[in-house]
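Look at the sequence first, and then turn to the structure itself. The paragraphs below go through it one part at a time.

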Amino acid sequence: GEAVGDLVLLQEVAVAPADKGMAETSLGRLGWKAKVSPSVSTGGGLSSGIVVGVKPHIGLAEAPIPKRPWPSERVSLTWVNGLVSGGFLVGSVYLVTGGDLDDVSFGILRQLGEALLALGQPFILGGDWNVEPHILLESGWAASVGATI
């Protein structure tokens, strides 16, 4: 079916770096203005890769973050200028597979949280968190950035 929303957040998209432009063009033909963060090669294939997409009438720009400490195939933080007055941050997150918040995943969350707090703007995050919601909630991360699950 056809997507009817104005915003889409995708994870594990398996787009090679060389195919980033083609993927964004293809999403454009489907009615989405998108920022694709390509996957990485694991030797056995592609892993990770994320997308933030909006309908063409909505503004989409890089979030004003001078340094992005997280792996680009795991977090994409973008500014959406529309849907609400003044705009907001939108992030697509793909944490490490394993069913628990290991040091790598929690490190990514810590870095993302620091950026969100520094920017001080409203945000929406969607993701493949690779943990049960209660684990993410009990970690205290959501509360530390003023988010709800």
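What follows goes from a small sheet to a second group of strands, then to a helix and a nonpolar core.

This is a predicted model, in which local features need pLDDT of at least 70, side-chain atom pairs count only at pLDDT 80 or more, and totals for chains, interfaces and linings use all residues. Residues are numbered from 1 along each chain as its sequence is written, and side-chain values use heavy atoms, with hydrogens and water left out.

Some terms come first. Helices (H or I, at least four residues) and strands (E, at least two) are DSSP runs, numbered from the N terminus. Two strands pair if DSSP finds at least two bridges between them.

Start with the open sheet of three strands, whose order is E1-E5-E2 and whose pairing is antiparallel. Strand E1 (7–11) and strand E2 (33–37) are at the edges with a single partner strand each, so one side of each has no neighbour in the sheet. From one strand to the next, the twist averages 10° (axes are lines fitted to C-alpha atoms, for helices over the stretch in contact, and angles run from 0 to 180 degrees between N-to-C directions).

Strand E5 (residues 50–54) pairs with E2 in the antiparallel sense over five bridges. Within this pairing, Ala34 has Gly53 as its bridge partner, and Val36 has Val51. E5 also pairs with E1, again antiparallel and over five bridges; here Leu9 stands opposite Val52.

Is E5 buried or exposed? Five of its five residues are buried, where buried means under 20% relative accessible area, exposed over 50%, and partly exposed in between (1.4 Å probe, protein chains only). In a regular strand the side chains alternate between the two faces of the sheet. In E5, Ile50, Val52 and Val54 are on one side, Val51 and Gly53 are on the other, and both faces are covered. Helix H1 (residues 20–29) lies across E2 and E5 and runs at about 155° to E2.

Now move along the chain to strand E8 (residues 88–94), where seven of seven residues are buried. Phe88, Val90, Ser92 and Tyr94 are on one side of E8, while Leu89, Gly91 and Val93 are on the other, and both faces are covered. Strand E7 (residues 75–81) pairs with E8 in the antiparallel sense over six bridges, with Thr78 opposite Val90. E7 and E8 form a hairpin with six residues between them, and Leu83 in the turn has a positive phi of about 70°. E8 is also joined by six bridges to strand E9 (residues 123–128), and these two run parallel. Gly91 of E8 stands opposite Leu125 in E9.

Helix H2 comes next. H2 has 17 residues and reaches 24 Å from its first C-alpha to its last, close to the expected 24 Å; the expected span is 1.5 Å times one less than the number of residues. At the N-terminal end, Asp102 caps H2, with a side-chain oxygen 3.2 Å from the backbone nitrogen of Val104. That cap is a polar contact, a pair of N or O atoms within 3.5 Å; within protein, one must be able to donate a hydrogen and the other to accept it, and residues adjacent in sequence count only if both atoms are side-chain atoms. Just after H2, Gly120 takes a positive phi of about 60°.

The buried residues of H2 include Ile108, Leu109, Leu112 and Leu116. What covers the buried residues of H2 includes E7, E8, E9, H3 and H4. Ser105, also in H2, counts as buried because its relative accessibility is 1%. Apart from neighbours within four places in sequence, Ser105 is in contact (heavy atoms within 4.5 Å) with Leu95 and Val96.

Which residues have the most contacts inside the largest nonpolar core? They are Trp70, Leu77 and Leu112, in a core of 22 residues. A nonpolar core is a set of buried Ala, Val, Leu, Ile, Met, Phe, Trp, Tyr and Cys residues joined through side-chain atoms within 4.5 Å. The elements that give two or more residues to this core are E7, E8, H2 (103–119), helix H3 (133–138) and helix H4 (141–144). H2 gives the most, with five residues. Leaving aside neighbours within four places in sequence, Leu112 is in contact with Trp70, Val75, Leu77, Val93, Leu125 and Trp141.
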